[in-house]
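Visitor: Got a minute to walk me through this one? I'd like to go helix by helix, then look at charges.

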Amino acid sequence: MTWMILVLIYGVCKGVREIVKKKSLEKNTIIEVLFFYTFLSFIMVVPDIKNAWGVDAKYLLWISLKSFIIFLAWMCSFKAIEKLPISFYGILDLSRVLFATILGVFVLGEVLLLFQKMGLVLVLTGLLMLKRKKKGNHREDENIELRYIILALCSCMLNAVSGLMDKILMKDVTSSQLQFWYMLFLVSFYMIYIIITKTKIRWNLVWRNHWIWILSVLFVAADRALFVANGMEGSRVTIMTLIKQSSCIVTILAGKYIFKEKNIGYKLICAAIIVSGILVAVI
């Protein structure tokens, strides 16, 4: 049960992180936010460097590959979010659950029991209802370019692959080792991108954006909880994927109390269905 609680913590942090991310982008560009909060996150794990040594070269190669996959995933998702309607992107993002489940079953050989299948169906039903447009609403997705849909789907697939790699790597490396090297490689990839593309970073604005600092703390805390959970015996990618969807409850509550959004009652019904699916899956 401990690994389930850790994954739930990850899900809550992920939901809060989406809110903070939205706030941080009000003052800075995508690459400024991505680079700076990744850099700050790495600084936070540097004190744990003494526990990061002793990783075999072949595992460092795999960790660098995971970092590159996340680098691509975040670039794809931010570019897609920038151009796609949020409601439409939310529906596409559901494919992450399907990708992760497929990888867990076919790569790790996990078996979906009856309750887990029912849970998956309930989670997907609740999320699809959450993104459903009401009749009479103007269609926002009529003139969407195919390339942005592909970017969103690529992001979902890459995140699912990264989650699978976490599970495999945690058999041979510790959570401290994985987090340190993963963050170091990720920062390096962003620096290389900035240098190659000659992207200008407005350092004076970045340092003063307190939302990025908060984002970094949430990122480190959430990832550590997830890495530790992956390293625990008995943890399963398929169930972890379902529990992660608890993040949507946080965003719904934020919509009501922070962004003053409407139709919260309907969204809470969707959240209740999602929670039911999570509970059914972990029985």
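Visitor: Let's start with α2: which of its residues are buried?

Guide: Keep in mind that this is a predicted model. The buried residues of α2 are Ile-31, Glu-32, Val-33, Leu-34, Phe-35, Phe-36, Tyr-37, Thr-38, Leu-40, Ser-41, Phe-42 and Val-45. That is twelve of the 16 residues, so α2 is largely enclosed by the rest of the structure.

Visitor: What do those buried residues pack against?

Guide: They pack against α1 (2–24), α3 (57–83), α8 (175–197), α9 (203–208) and α10 (210–231).

Visitor: And how far apart are the end C-alpha atoms of α2?

Guide: They are 23 Å apart. At 1.5 Å a residue, the 16 residues from 30 to 45 should span 22 Å, so the two values agree.

Visitor: OK, on to the core. How many residues does the largest nonpolar one have, and which have the most contacts inside it?

Guide: The largest nonpolar core has 56 residues, and those with the most contacts inside it are Tyr-37, Trp-74, Tyr-182 and Tyr-190. At least two residues each come from α1, α2, α3, α7 (146–169), α8, α10 and α11 (237–244). The largest share is from α10, with ten residues.

Visitor: Tyr-182 caught my eye. What does it touch, leaving out residues up to four places away in sequence?

Guide: Tyr-182 touches Ile-63, Lys-66, Ser-67, Ile-70, Trp-74, Phe-219, Asp-223 and Phe-227. Apart from the main core, there is also a second, separate core of five residues, including Val-97, Val-123, Leu-124 and Leu-242.

Visitor: Now the outside. Which residues make the nonpolar surface patch?

Guide: Ile-102, Phe-106, Val-107 and Ile-168 make a patch of about 410 Å². Ile-102 sits in helix α5, residues 95–106, and with a relative accessible area of 46% it is partly exposed.

Visitor: Switching to charges: how many salt bridges are there?

Guide: The count comes to three salt bridges. One of them joins the side chains of Glu-32 and Arg-202, at 3.0 Å from N to O. Glu-32 lies in α2 and Arg-202 in the loop between α8 and α9, so this pair ties together parts that are 170 residues apart in sequence.

Visitor: Glu-32 again! Is that one buried or exposed?

Guide: Glu-32 counts as buried, at 1% relative accessibility. Its partner Arg-202 is partly exposed, at 36%.

Visitor: Which residue forms a salt bridge with Asp-48?

Guide: That would be Arg-224, with the closest N and O atoms 3.3 Å apart. Arg-224 lies in helix α10 and Asp-48 in the loop between α2 and α3, so the pair ties together parts that are 176 residues apart in sequence. Arg-224 counts as partly exposed at 25% relative accessibility, while Asp-48 counts as buried at 16%.

Visitor: What about Lys-66: which residue does it form a salt bridge with?

Guide: Lys-66 pairs with Asp-166, and the closest N and O atoms are 2.8 Å apart. Asp-166 is in helix α7 and Lys-66 in helix α3, so parts that are 100 residues apart in sequence are tied together.

Visitor: Are Asp-166 and Lys-66 buried or exposed?

Guide: Asp-166 is buried, and so is Lys-66. Lys-66 also came up earlier, among the residues that Tyr-182 touches.

Methods: Residues numbered from 1 in each chain as written. Predicted model: local features only at pLDDT ≥ 70, side-chain atom pairs only at ≥ 80, totals over all residues. Heavy atoms only, no water. Helix = DSSP H or I, 4+ residues; strand = E, 2+ residues; numbered from the N terminus. Expected span 1.5 Å × (residues − 1). Buried < 20%, exposed > 50% of the residue type's maximum accessible area, 1.4 Å probe, protein only. Contact = heavy atoms within 4.5 Å. Core = buried A, V, L, I, M, F, W, Y, C linked by side-chain atoms within 4.5 Å. Patch = residues over 30% accessible without salt bridge, like charges linked within 9 Å, V, L, I, M, F, W, Y side chains within 5 Å. Areas by Shrake-Rupley, 256 points an atom, 1.4 Å probe, with all protein chains shown as cover. Salt bridge = Lys/Arg side-chain N within 4 Å of Asp/Glu carboxyl O.
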